[in-house]
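Please look over the structure below before reading the notes on it. The notes are grouped by topic.

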Amino acid sequence: IYTEEQQHVIQGFRQDYLCGTRRTYLLHGVTGSGKTEVYMEMIRTVVDQGKQAIVLIPEIALTYQTLLRFYLRFGDRVSVMNSRLSPGERSDQYERAAKGEIDIMIGPRSALFTPFERLGLVIIDEEHESSYKSETMPKFHAREVAQELCRMKHASLLLGSATPSLESYYRARQGEIPLFTLNSRLTGGELPKVYIEDLREELKSGNRSIFSRRLQQLLEDRLA
């Protein structure tokens, strides 16, 4: 059962996709708002149309729990790419994809080069992550490559994050790409309060510590 916000995102995407509209979307969802469930529903829409999907996840977030959710939902049509694979194992995964034995590839930026013939969707989770920029040759940014790949394959691109990159958020605010938002946590509970302190003002008032007075006070309170 999905929340109203999740249903709005899922239906908005599905409507576009079934009408043949392919575009880039930004999904701005707070931590714990159920972005992964939304991703899986979008993938379901695409796979049901006989297409394939690539899900990019930062290496650090490629956890067993995350992958298990995809396996439970899509079974052996899912494959995973990670940095621990040898070149031979990686080649085997690409081979399986080229033969059409799998529909969904999950992995870090290298998964973007999966040779899918019927690519329908690319999802970049935590799209603000610096690990999507390759510092070795050939140097590339997975987000830019994904945009070009989706243009060539006539596929959709979803950028997801709780803290979107400035570039993506600016494009969404300018109306260049649709912006979906998930503002409430599935587990309930409030988001933590954030205070901004100007340390220059603290310095002027005689506080030479690296901590603001408020931070010191709150730390003492927590410890007490």
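What follows is a short briefing on one helix, the cysteines, the salt bridges, the aromatic rings and two buried strand residues.

This is a predicted model, in which local features need pLDDT of at least 70 and side-chain atom pairs count only at pLDDT 80 or more, while totals for chains, interfaces and linings use all residues. Residues are numbered from 1 along each chain as its sequence is written, and side-chain values use heavy atoms, with hydrogens and water left out.

**Helix α3**

- Helices and strands are DSSP runs numbered from the N terminus (helices: H or I, at least four residues; strands: E, at least two).
- Buried means under 20% relative accessible area, exposed means over 50%, and partly exposed lies in between (1.4 Å probe, protein chains only).
- Helix α3 spans residues 64-74, and its buried residues include T66, L67, F70 and F74.
- These residues are on the same side of α3 because they cover an arc of only 90° around the axis; the arc is that of the directions from the helix axis to the C-beta atoms.
- On the face turned away from the buried side of α3 are the exposed residues Y64, Q65 and L72.
- The buried residues of α3 are covered by parts that include α2 (35-48), β2 (52-56), β3 (78-80) and β4 (104-107).
- G75, just after α3, has a positive phi of about 65°.

**Cysteines**

- The whole structure has zero disulfides, a disulfide being a pair of cysteine sulfur atoms within 2.5 Å.
- For C19, the closest cysteine sulfur is in C150, and at 19 Å it is too far for a bond.
- C19 counts as exposed, at 62% relative accessibility.
- C150 is buried, with a relative accessible area of 5%.

**Salt bridges**

- Side chains of opposite charge can pair when their charged atoms come close.
- A salt bridge is a side-chain nitrogen of Lys or Arg within 4 Å of a carboxyl oxygen of Asp or Glu, and the count comes to 17 salt bridges.
- One of them joins the side chains of R69 and E37, at 2.4 Å from N to O.
- This pair links distant parts of the chain, with R69 in helix α3 and E37 in helix α2, 32 residues apart.
- R69 is partly exposed at 34% relative accessibility, and E37 is partly exposed with a relative accessible area of 21%.
- Another salt bridge joins E148 and R151, at 2.6 Å from N to O.
- Both E148 and R151 lie in helix α5 (residues 142-153), three residues apart, which is about one turn of the helix.
- E148 is partly exposed at 36% relative accessibility, whereas R151 is exposed at 57%.
- R222 and D221 also meet in a salt bridge, at 2.6 Å from N to O.
- R14, E41 and R73 are joined into one network by salt bridges that share partners.

**Aromatic rings**

- A pair of aromatic rings is described by the distance of the centres and the angle of the planes.
- Rings of Phe, Tyr and Trp (its six-membered ring) pair if their centres lie within 6.5 Å; planes under 30 degrees apart count as stacked, over 60 as edge-to-face and the rest as tilted.
- The whole structure has four aromatic pairs.
- In one of them, the rings of F13 and Y25 have centres 5.8 Å apart and planes at 70°, so the pair is edge-to-face.
- F13 is in helix α1 (residues 4-18) and Y25 in strand β1 (residues 24-29), 12 residues apart.
- Y25 counts as buried, at 1% relative accessibility.
- The rings of Y25 and F180 have centres 5.6 Å apart and planes at 15°, so this pair is stacked.
- F180 lies in strand β7 (residues 179-182), 155 residues from Y25 along the chain.
- Ring pairs link F13, Y17, Y25 and F180 into a cluster.

**Two buried strand residues**

- Q52 is in strand β2 and counts as buried at 1% relative accessibility.
- A polar atom of the Q52 side chain lies 2.8 Å from the backbone nitrogen of R118.
- Contact means heavy atoms within 4.5 Å; leaving aside neighbours within four places in sequence, the contacts of Q52 include V46, A97 and R118.
- S156 is in strand β6 (residues 156-161) and is buried, with a relative accessible area of 0%.
- Not counting residues up to four places away in sequence, S156 touches residues including F13, Y17, Y25 and C150.

Conventions
Polar contact = N/O pair within 3.5 Å; in protein donor to acceptor, adjacent residues only side chain to side chain.
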